[in-house]
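Good morning, colleagues. Please look at the structure on the screen, as I would like to speak about its internal spaces and its surface.

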Amino acid sequence: MSTRSDRPEKPRSDSRPGMLVALALAVLGYQLNATMLSPALPDVIRRLHTTSGLVGLSQTLFFLFAAVGQVTLARLSDYRGRKPMMLLGCLLVIAGDIACAAAPDIGVFLAGRVLQGFSAALFTLSFLTLNDTLSPKGFGRAAGIITAVNGGFAGVDAVFGGRLADTVGFRGIFLAGLAVSLAGTLAVIKTVPAAPPAAAGRMDWRGTCFLGLGLTGVLIGLAQGESWGWLSAPTAGCVLAGLVCLVAFVLVSRGNRDAIIDTGLLASRRAWPLLATTVLTLAGAFGALTLTVPLFTQDPHAGYGLSATQSALLFATPAQAIGVIGAPLAGILGPRIGWRRSVVIGSAGSLVAFAVAVPFMTSQWVLMAALAVLGITYNGLSITAINALAVVSAPADQKGALPGLNGACFGIGASLGTALASALITAAGSGGAQGPDLYATAMWASLGLLAAAMVTTVALKAVPREAMGPEGADVAVPALHM
C-alpha cells in the first residue's frame with residue numbers, strides 16, 4: 001500500500017480550541033445515548049410494553065454496531081478523509097435519536113439504537129483527527145478531554161436522564177441528545193479541517209463484511225442465548241455462522257495490503273493484548289455500571305428501591321464527575337510515564353475498586369465510594385491510555401486500522417458485558433434467587449473479567465522510544481506485513 005507521506009505536512013499546533021469543542025460536541029451527542037439512557041431502562045420497559053430481555057437486546061445491539069461502525073468508518077477515513085466520515089457519523093446519530101424519540105414500539109426503538117451505535121466511530125475519528133493536526137503534547141491533553149466527554153458530561157447527563165425518565169419519560173432523553181448532535185454537526189462543518197486522505201488504495205469491503213457478520217453472529221448468539229436456549233438451533237446457528245465469518249475474515253486478510261488490519265500486526269504484542277484488555281475491561285466495568293447497578297439500585301425488593309434520579313446521582317455521577325478531572329490528567333501524564341504504564345495502573349486500580357464493591361454491594365455507601373474510584377482508574381487512566389496507545393501503536397500506512405479495531409473492541413466488550421449481565425440476572429431469577437443474590441452473580445462475573453484484563457495488560461508491549469516523537473505521542477510506527 002502506498003501512502004501519502006510524501007506530501008509536506010503542515011506545522012502542528014499545541015491546541016485548536018474551536019476544533020476541540022466541535023469534536024467534544026460530536027462525541028457527546030453519541031455518548032448521551034449511553035449514559036443518559038441507563039437510568040431510564042425501566043421506563044423504556046413500561047412505556048413500550050416490552051420485556052427486560054428486549055431492552056437488554058437494545059443495549060447489546062447498540063454496542064455491537066458500535067463495534068462494526070468503529071472498524072468501518074475509522075479505516076474508511078484513511079481513504080476518504082476524517083471529516084467526511086465524521087459528518088456521516090453525526091448524521092447517523094441524529095437519525096437514531098429521531099427514531100428512538102418517536103418509537104411507537106420496541107422494533108423501531110431497536111432500529112434507532114442500531115443507527116446510534118454505528119456512530120460510535122466519532123470517538124475514534126476524533127482521536128485520529130487530533131493526532132493528525134496537533135503536536136504530541138497537544139494530542140495528549142486533547143485526548144484526555146475527549147475521553148472525559150466520552151465518559152459523560154460530569155455525571156450531570158446521567159442525573160438529567162434519570163430526571164427525564166421520572167417526569168416526561170425516556171423520549172425526552174433522545175430529544176436532548178438530538179439538540180447536542182445538531183450543534184456538534186454544525187461545529188464539525190465549520191472548524192474541522194478537510195485534510196486529504198492519509199493513504200492511497202481502496203477499502204477492503206470483503207474483509208469488512210466478513211468481520212461485521214462475524215461479530216454480529218457471535219454477539220447476537222451470546223445476547224439471546226438465555227432466552228433462545230444455549231443449545232437451541234438459533235443460538236448455535238448464530239455463533240457458528242459468526243465464527244465461520246471471522247475465520248473467513250482472517251483468510252481473506254492474509255497477504256492483502258489493503259486489509260482492514262494487517263494480520264501481522266494483529267498477532268503482535270502491540271495489538272492482541274491491547275484488544276483483549278479493551279474487551280475484558282469494558283465487559284467487566286461497563287456491563288456492571290450500565291445494567292447491573294442501575295437495575296439493582298432501583299429494585300425495591302432485591303436492592304435499594306431508589307428512583308432513577310437517585311440511582312444516577314449516587315452511583316453514576318461521582319465516577320463521571322471525577323473522570324472529568326481524571327481523564328485530562330491522564331492525558332498529561334500518559335506521554336510522560338508512557339501510555340502502557342498508564343494502562344497497567346488504571347487496570348490495577350479498577351480491579352481493586354471492584355474487589356471492594358462486589359463483596360459489599362449490600363452496603364449502599366461502600367458501593368457508592370468504590371464505584372466513585374473508577375472516575376480516576378477506569379474513566380480516567382484506562383480509557384484515555386487504551387485509546388492513546390492504540391493511536392501511537394498504529395502503523396504509519398494504516399493509521400485508522402488499529403484504533404478502529406480497538407474502538408470496535410469497546411463495542412464488543414460493552415455488548416458482551418451487558419449481554420452476560422442480562423443473562424446471569426435472568427438465570428438467577430429463573431433459579432429462584434432472591435434479594436441481592438439476584439444480581440450478585442453478575443457482579444462477581446464483572447470482577448472476574450477485570451481480573452482477566454489485568455493479566456492481558458501485563459502482556460502489553462510499549463511502543464519503542466525511537467518510534468515515537470517528543471514525549472512519546474507520535475505515531476510513526478513502521479508497518480508490519482506478513
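Helix 13 is the leading contributor to the lining of the largest cavity, giving 6 residues. Please bear in mind that this is a predicted model. The largest cavity holds about 590 Å³ of space, and 34 residues line it, with Gln 31, Thr 35, Phe 286, Thr 290 and Tyr 378 nearest its centre. Two or more lining residues also come from each of several other elements, including helix 1 (17-35), helix 7 (136-150) and helix 17 (364-393). In character, this lining comprises 21 nonpolar and 13 polar residues, with no charged ones.

The second largest cavity has a volume of about 60 Å³. Among the residues that line it are Arg 82, Lys 83 and Asp 132. Helix 6 gives the most here, with 3 residues. The lining divides into 3 nonpolar, 3 polar and 3 charged residues.

I turn now to the pockets. The second largest pocket contains about 370 Å³ of space. Its lining has 19 residues, and Ile 45, Ser 52, Leu 295, Ile 425 and Tyr 439 are the closest to its centre. Helix 13 (272-298) appears again, as one of the helices that supply at least two residues to this pocket's lining. Of the lining residues, 10 are nonpolar, 7 polar and 2 charged.

Finally, the surface. Val 324, Ile 325, Leu 329 and Ile 332 form a nonpolar patch, with about 340 Å² of accessible area together. Ile 325 is located in helix 15 (residues 317-337). Why is Ile 325 counted as exposed? Its relative accessibility is 55%, and exposed means over 50%.

Methods
Residues are numbered from 1 along each chain as its sequence is written. This is a predicted model: local features need pLDDT of at least 70, side-chain atom pairs count only at pLDDT 80 or more; totals for chains, interfaces and linings use all residues. Side-chain values use heavy atoms; hydrogens and water are left out. On a 1 Å grid over the protein atoms alone, a cavity is a set of points where a 1.4 Å probe fits but cannot get out, and a pocket is an open set with protein on both sides within 12 Å along at least five of seven lines; lining residues have an atom within 4 Å of a point. Grid points are joined across faces, edges and corners, and a volume is the space filled by probe spheres set on the points. Helices (H or I, at least four residues) and strands (E, at least two) are DSSP runs, numbered from the N terminus. Ala, Val, Leu, Ile, Met, Phe, Trp, Tyr, Cys and Pro count as nonpolar, Asp, Glu, Lys and Arg as charged, and the others, Gly among them, as polar. Patches are made of residues with over 30% relative accessible area and no salt bridge: like charges are joined within 9 Å, nonpolar side chains (Val, Leu, Ile, Met, Phe, Trp, Tyr) within 5 Å. Accessible areas come from the Shrake-Rupley method with a 1.4 Å probe; for residues, only the protein chains shown count as cover. A salt bridge is a side-chain nitrogen of Lys or Arg within 4 Å of a carboxyl oxygen of Asp or Glu. Buried means under 20% relative accessible area, exposed over 50%, partly exposed in between (1.4 Å probe, protein chains only).
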